[in-house]
Amino acid sequence: MQKWTFKKTVCYLLYLAIGKHLPDELGPIGRFSYRVRSILSKPLFKKVEGTFGIASKVDFGNGSFLILRDHANIGRGSYLSGEGTITIGRHVMMGHQCMIITQNHKYLEEGYAGKEVKDVLIDDYAWLGHRVIVLPGVIIGKHAIIRAGAVVIKDIPAYAIAVGVPAKVIKDRKKI
């Protein structure tokens, strides 16, 4: 768990109050907004490798579980949550309102038994369409495409195209 410093607290409050709500417009205003969000959120994350983009209205809690690799992009209105680590690879593109979750209720026949936490990896050059949901413990392989509205409950191999609820592989990009 990362130690919260005064700087992190200030950055977090400024992100919530201002950065999260700046517009995503094209041109100078949009570039300014992305830059402000990057500056305010970077100190909150577990690890950042290079540049990254965060669109408006992204909710990542305190961000201490996020690892962003070079040119990772988080789509508008997305929600990233949990105690497990979420790693977003190089050049990942994410549509609007995606959800990535790392914890779930653990249950037994007798009833509730706490929570289970599993890390999530979205590997390099993967694409997530609008409103994709990624559940705990999932690995999305390199260059995979997850079409809009899919719910990913198990690993998706590299170069696969997956669609549906639950997400199923329908094509291999290498064979197209």
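## Exercises on a predicted protein model

G77 is partly exposed, with a relative accessible area of 28%; partly exposed denotes the range between buried, under 20% relative accessible area, and exposed, over 50%, for a 1.4 Å probe and protein chains only. The structure is a predicted model, in which local features need pLDDT of at least 70, side-chain atom pairs count only at pLDDT 80 or more, and totals for chains, interfaces and linings use all residues. Residues are numbered from 1 along each chain as its sequence is written, and side-chain values use heavy atoms, with hydrogens and water left out.

**Exercise 1.** Describe the surroundings of G77.

*Solution.* Begin with the location: G77 lies in the loop between β4 and β5 (79–81). Helices (H or I, at least four residues) and strands (E, at least two) are DSSP runs, numbered from the N terminus. Next, list the contacts, meaning heavy atoms within 4.5 Å. Leaving aside neighbours within four places in sequence, G77 is in contact with S56, K57, V58 and Q97. Finally, consider K57: its C-alpha atom is separated from that of G77 by 4.5 Å, although the two residues are 20 apart along the chain.

**Exercise 2.** Describe the position of Y12.

*Solution.* Y12 is found in helix α1. Its relative accessible area is 23%, so Y12 is partly exposed. Beyond four places away in sequence, Y12 touches W4, L44, G61 and N62. Of these partners, take G61: it stands 49 residues from Y12 along the chain, and their C-alpha atoms are separated by 9.1 Å.

**Exercise 3.** Identify the residues with the most contacts inside the largest nonpolar core.

*Solution.* A nonpolar core is a set of buried Ala, Val, Leu, Ile, Met, Phe, Trp, Tyr and Cys residues joined through side-chain atoms within 4.5 Å. The largest one has 39 residues, and L80, I88 and I140 have the most contacts inside it. Elements giving two or more residues to this core include α1 (6–17), α2 (28–41) and β17 (160–163). As for I140, the residues it touches more than four places away in sequence include L121, I122, V152 and I156.

**Exercise 4.** Assess the overall build of the protein.

*Solution.* First, count the elements: the protein has two helices and 18 strands. Its radius of gyration is 17 Å, close to the 16 Å that the globule rule gives for 176 residues, so the protein is as compact as a globular protein of that length. The radius is taken over C-alpha atoms, and the rule is 2.2 Å times the number of residues to the power 0.38. Lastly, buried residues make up 41% of the 176 residues.
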